[in-house]
Every structure is written in structure tokens, then in C-alpha cells.
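Welcome, and please take a moment to turn the model around before reading on. The paragraphs below will walk you through it step by step.

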Amino acid sequence: MAPLFGKRPDLPSRLAARVPPGQHVVERLPVLQTGSVRHLDRSSWVLRVTGLVDPPLRFSLEDILALPATSQVSDIHCVTTWSMLDTHWMGVQIADLLAGTRILPTARHVLVHGDRAWTTNLPLEELLRDDVLAAYEYEGSPLSDEHGGPVRLVVPRLYFWKSAKWMTEIEFMAERRLGYWESVGYHELGDPWKEQRYS
Ligand SMILES: Nc1nc2c(c(=O)[nH]1)N[C@H]1C(S)=C(S)[C@@H](COP(=O)(O)O)O[C@H]1N2
Ligand SMILES: [Mo]
């Protein structure tokens with residue numbers, strides 16, 4: 001008997017192999033955040049790259065749009081057990097974003113800041129993977145407020161709470177500092193294939 005997958009009981013087995021343990025597939029990307037959806041003014045928004053980098057960087061949305069663009073199809077896995085397959089994103093790979101600076105050898109961790117003090121932490125090597133994007137388009141349209149526009153992080157290999165919406169700062173640090181969910185018991189890494197939901 002074929003296993004059932006929540007809202008997609010018809011899921012063919014070649015797709016089922018892409019769904020981590022304990023997850024079910026949804027057809028639309030839910031909208032989730034702490035508090036309400038933010039609206040950031042596109043003309044005054046800036047992204048800062050701070051901490052253990054030389055020099056620090058500061059990007060307007062125009063600056064981001066002028067960097068080399070990468071489009072990518074990713075599977076997204078939320079710790080609340082939904083997964084969405086084949087999401088389409090356009091944005092800037094982290095290597096392209098950081099081309100104008102040098103990460104100091106003492107940097108080991110990053111804290112990614114969203115709007116209003118919301119943060120999430122990542123080990124440096126997870127940020128530097130080539131499937132991590134500073135994304136500004138979702139499914140062919142500019143990223144909406146609901147999904148974190150103008151620019152959000154997309155970290156497909158980890159549970160979706162690592163993908164900071166309304167991104168305003170990427171801070172490089174020597175020591176780990178826990179983000180919003182990590183500090184209340186979510187796993188510090190959050191690998192969906194290892195079901196690293198809570199610590
Ligand atoms: N700034 C910010 N980013 C955030 C969050 C948040 O509360 N604030 N929530 C995270 C969580 S828990 C999830 S599941 C995803 C949801 O993204 P979506 O609304 O585009 O589906 O955003 C992540 N990024
Ligand atoms: Mo989430």
C-alpha cells in the first residue's frame with residue numbers, strides 16, 4: 001500500500017523520496033511569521049553585512065538587483081510538518097553577495113536579522129552553500145510582503161524558519177548566538193532529513 005502524504009495522497013514515489021520524515025506536501029506556500037506581516041519600504045530598505053567581515057557592506061534594493069542573479073528550484077520543509085516541492089526563487093547567491101568583502105578567519109557563525117529584531121542563527125558553512133539565496137522573486141514575481149519582501153534568505157537544506165523574511169542584516173560572529181526560535185528550544189541547526197526539530 002502506498003503511504004499517504006497529507007494533502008497529496010496521490011504523491012508518486014519519486015516525489016515521496018524528496019519528502020523528509022514526518023513531513024507532508026502542500027500545494028501552496030503558507031504565510032508564517034511571529035507577529036504580523038511587515039511592509040518594508042522598498043526605496044529605503046537596506047541590507048547590511050556586519051561583524052567579522054572586512055569591509056562591512058551595505059546594499060540598497062537597487063544594488064542587490066544589479067548583482068549576478070541566480071534562479072533556483074528548491075524543496076522547502078517547515079518544522080510544523082509541511083513541505084512544498086519545486087518552489088521557484090530568483091536572487092543572489094551568497095558568494096556573489098559577499099564578493100566585495102572578506103570573511104575574517106575568526107568568523108564561525110552568522111546571525112541573520114529580519115525586521116523588528118527577529119533573528120535566526122546558522123553555522124557559517126551552512127550560509128555559504130551555493131543553494132542559499134538572498135531571494136527577491138518568488139514564482140516569477142517580486143517577493144511579496146507576505147513572503148518576506150523585498151529580500152529574504154532562502155536556505156533550502158534546513159527547516160524553513162532559517163529562511164529569514166524581511167532580511168535587514170547578516171552578522172558574522174566568532175561565537176554562536178541563538179536566534180528567536182533557537183533560543184526557545186528549536187534545534188540550532190535544523191536538518192529536516194535528520195528531523196532536527198527541537199533541541
Ligand atoms: N523575519 C522573519 N522571518 C521568518 C519568520 C519570522 O517570524 N520572521 N518565520 C520563519 C518561519 S517559522 C517560517 S516557516 C517561514 C515562513 O515563510 P513563508 O511565510 O514565506 O512561508 O519564514 C521564516 N522566516
Ligand atoms: Mo516555521
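Where does Pro 150 lie? Pro 150 sits in a loop, the one that links strand 11 (141–142) to strand 12 (152–154). Please keep in mind from the start that what you are looking at is a predicted model. The loop is a good place to begin, since the peptide bond between Gly 149 and Pro 150 is cis, with an omega of about 10°. We will come back to a second bond of this kind further on.

Let us step back and take in the whole chain. Its secondary structure comes to four helices and 13 strands. Along the principal axes, the C-alpha trace spans about 60 × 35 × 30 Å. How does that fit with the length of the chain? For 199 residues, a compact globule would have a radius of gyration near 16 Å, and the protein chain has 17 Å, which agrees. Of the 199 residues, 52% are buried. Among the contacts with a separation of 6 or more, 66% are between residues 24 or more positions apart.

Now look at the outside. The accessible surface of the protein chain comes to about 9,600 Å², and carbon and sulfur atoms account for 53% of it. The chain also carries 21 positive and 25 negative charges, and the mean positions of these two sets are 4 Å apart.

With the overview in place, find strand 2, which covers residues 46–51. Which strands pair with it? One partner is strand 4 (residues 57–60), which runs antiparallel to strand 2 and is joined to it by four bridges. Another is strand 13 (residues 169–173), paired with strand 2 in the parallel sense, again over four bridges. Arg 48 lets you see both pairings from one residue: Arg 48 stands opposite Arg 58 in strand 4, and Arg 48 also stands opposite Glu 169 in strand 13. A step along the chain, Leu 47 stands opposite Phe 59 in strand 4.

Strand 4 rewards a closer look. Which residues form its covered face, and which the uncovered one? Leu 57 and Phe 59 make up the covered face, while Arg 58 and Ser 60 make up the uncovered one. The reason for such a pattern is general: in a regular strand, side chains alternate between the two faces of the sheet. Just ahead of strand 4 is the second cis bond promised above, running from Asp 54 to Pro 55 with omega near -5°. Pro 55 itself belongs to the loop between strand 3 (53–54) and strand 4.

Next, move to strand 5 (residues 70–77), where you will find Thr 70. Is Thr 70 buried or exposed? Thr 70 counts as buried because its relative accessibility is 16%, and the cut-off for buried is under 20%. Leaving aside residues up to four places away in sequence, Thr 70 touches Trp 89, Met 90, Gly 91, Gln 93, Asp 96 and Leu 133.

One of those neighbours, Gln 93, lies in strand 6. Gln 93 has 22% relative accessibility, so it counts as partly exposed. With residues up to four places away again left out, Gln 93 touches Thr 70, Asp 130, Val 132 and Leu 133. Thr 70 and Gln 93 thus share a contact with Leu 133. Gln 93 and Leu 67 are 26 residues apart in sequence, and their C-alpha atoms are 9.3 Å apart in space.

Strand 6 (residues 82–93) also holds Asp 86. This residue is not a glycine, yet its phi is positive, near 60°. Asp 86 counts as partly exposed because its relative accessibility is 36%. Glu 139 offers a second example, with a positive phi of about 50° although it is not a glycine. Glu 139 lies in the loop between strand 10 (133–138) and strand 11. With a relative accessible area of 38%, Glu 139 is partly exposed.

Finally, return towards the start of the chain. Val 19 is in the loop between helix 1 (13–16) and strand 1 (24–25). Despite being in a loop, Val 19 counts as buried, at 8% relative accessibility. Val 19 and Leu 32 are 13 residues apart in sequence and 20 Å apart in space, taken from C-alpha to C-alpha.

How values were computed. Residues are numbered from 1 along each chain as its sequence is written. Chains are lettered from A and ligands numbered from 1 in the order in which they are written. This is a predicted model: local features need pLDDT of at least 70, side-chain atom pairs count only at pLDDT 80 or more; totals for chains, interfaces and linings use all residues. Side-chain values use heavy atoms; hydrogens and water are left out. Helices (H or I, at least four residues) and strands (E, at least two) are DSSP runs, numbered from the N terminus. The radius of gyration is taken over C-alpha atoms; the globule rule is 2.2 Å times the number of residues to the power 0.38. Buried means under 20% relative accessible area, exposed over 50%, partly exposed in between (1.4 Å probe, protein chains only). Contact means heavy atoms within 4.5 Å. Accessible areas come from the Shrake-Rupley method with a 1.4 Å probe; for residues, only the protein chains shown count as cover. Lys and Arg count as positive and Asp and Glu as negative; His and the chain ends are not counted. The place of a charge is taken as NZ of Lys, CZ of Arg, CG of Asp or CD of Glu. Two strands pair if DSSP finds at least two bridges between them.
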